[in-house]
Each structure stands twice: as structure tokens, then as C-alpha cells.
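Here are some notes for a first look at this entry. Please keep the sequence and the structure open while you go through the points.

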Amino acid sequence: MLITVLAFNILPISAFSLDLNDKVTSDSFSKIICEETVLREESVKYYLCEDGSYIAAMYATPIHYIGNGEWKDVDNSLVQSESISDKVTYIPKAGLVDISIPQDFSDGQKLSINNDGYSVRFGISTDNIDVSLESNAELTDVANLQSSLIQKQLSKKT
């Protein structure tokens with residue numbers, strides 16, 4: 001066992017990855033049947049293929065979070081929420097960080113970000129009259145995030 005681990009550690013990482021110069025075509029991979037949600041990782045989705053192999057889509061940023069003991073999809077789509085002061089704010093549907101964006105900054109409301117016990121709040125001086133958000137935020141769907149694709153053969157489930 002120790003020899004196997006040592007041999008694995010001295011092999012170059014490139015021995016375990018796709019050569020980026022190789023042309024990847026739709027014929028290179030078997031058809032995807034479904035996502036295997038039990039195999040999810042913070043930045044990886046696994047898909048079961050017709051031939052029993054799996055395709056791993058690896059993202060540069062987290063796309064999952066743990067909720068109720070299982071990995072769930074991050075959804076940074078903003079939804080309207082009522083704050084404690086009955087002022088309209090926007091929050092992510094299912095984000096990794098607690099963010100609250102006020103609809104109107106003119107009454108001293110502040111954008112707040114809370115994560116791992118740390119908080120940051122900032123806003124616009126109340127001297128600025130009638131300041132509000134007038135443009136839509138740019139949203140990026142998980143499907144549009146840059147990803148890497150690796151296919152590896154795993155043992156078939158019985």
C-alpha cells in the first residue's frame with residue numbers, strides 16, 4: 001500500500017488529466033444519463049454516462065453548499081426580501097455568503113455582507129437625496145461558469 005501511494009505521488013499530475021491540446025469532440029464521450037448528486041463536491045458535479053463511466057465537471061468557484069447534510073446547488077439569483085425595518089432588500093436565493101442589497105439607499109440603508117462571523121456594511125451618505133438602484137445586476141447561471149471536463153471510469157453500481 002505504501003509503495004502504491006509513493007508511486008502515485010511521484011507521477012506527474014499530467015498523467016492523470018486530459019491533454020488540453022487533444023481535440024475533444026462529442027464522439028469522445030458516452031451520452032450523459034443523469035447527474036449523480038450523491039457524488040457532488042463543493043466545485044464538482046459528476047454525471048453518469050451510458051457506458052457506466054462518469055464525467056466530472058470541475059468549476060473554478062464553488063457551485064454547491066451543504067444544506068441539511070447534503071450538497072445543494074448555489075443559486076445567486078436575487079429575490080426580494082423584507083428587512084427588519086420593512087424596507088425592501090434583495091438577497092440570493094441560495095448563496096454561499098449572506099448578502100443583503102437594499103432597493104433604496106436614500107434612507108441610510110446599507111449593503112451588508114456576512115460570512116464566517118465577519119460583517120461588512122456600506123452605503124451612501126444620507127446627504128444624497130433620492131439615491132436608488134436603477135440598473136439590473138448581471139447574473140451568471142451555473143451553466144455559464146467556466147469548467148473543466150474530465151472523464152474517468154469508475155466501477156459500475158450494482
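1. Start with Arg-40. In this predicted model, Arg-40 sits in the loop that links β1 (32-35) to β2. Is Arg-40 buried or exposed? Its relative accessible area is 10%. The cut-off for buried is under 20%, so Arg-40 counts as buried.

2. Next, look at the polar partners of the Arg-40 side chain. One is the side chain of Glu-35, in a polar contact of 2.6 Å. Another is the side chain of His-64, where the polar contact is 3.3 Å.

3. Which residues does Arg-40 touch, once its neighbours within four places in sequence are set aside? Glu-35 and His-64 appear again here. Lys-45 and Tyr-46 are also in contact with Arg-40. Trp-71, Lys-72 and Asp-73 complete the list.

4. Tyr-46 leads on to the nonpolar core. The largest such core has five residues. They are Val-44, Tyr-46, Leu-48, Tyr-54 and Ala-56. Two strands, β2 (44-49) and β3 (54-59), each supply at least two of them. The largest share comes from β2, with three residues. As a general point, nonpolar side chains tend to be buried together in soluble globular proteins.

5. Ala-57 deserves a look as well. This residue belongs to strand β3. Its relative accessible area is 7%. Ala-57 is therefore buried, as the limit is under 20%. How far apart in space are Ala-57 and Tyr-46, C-alpha to C-alpha? The distance is 6.4 Å, although 11 residues separate the two in sequence.

6. Now the whole chain. The protein has 11 strands and one helix. In what order do they come along the sequence? The pattern reads α-β-β-β-β-β-β-β-β-β-β-β. The helix thus precedes the strands.

7. Some totals round off the picture. The protein has 158 residues, and 20% of them count as buried. Arg-40 and Ala-57 are both buried. The accessible surface of the protein is about 11900 Å². Carbon and sulfur atoms hold 53% of that surface.

8. Last, the contacts along the chain. Take the contacts in the protein with a separation of 6 or more. What share of them joins residues 24 or more positions apart? The figure is 32%.

Key
Residues are numbered from 1 along each chain as its sequence is written. This is a predicted model: local features need pLDDT of at least 70, side-chain atom pairs count only at pLDDT 80 or more; totals for chains, interfaces and linings use all residues. Side-chain values use heavy atoms; hydrogens and water are left out. A nonpolar core is a set of buried Ala, Val, Leu, Ile, Met, Phe, Trp, Tyr and Cys residues joined through side-chain atoms within 4.5 Å. Buried means under 20% relative accessible area, exposed over 50%, partly exposed in between (1.4 Å probe, protein chains only). Helices (H or I, at least four residues) and strands (E, at least two) are DSSP runs, numbered from the N terminus. Contact means heavy atoms within 4.5 Å. Accessible areas come from the Shrake-Rupley method with a 1.4 Å probe; for residues, only the protein chains shown count as cover. A polar contact is a pair of N or O atoms within 3.5 Å; within protein, one must be able to donate a hydrogen and the other to accept it, and residues adjacent in sequence count only if both atoms are side-chain atoms.
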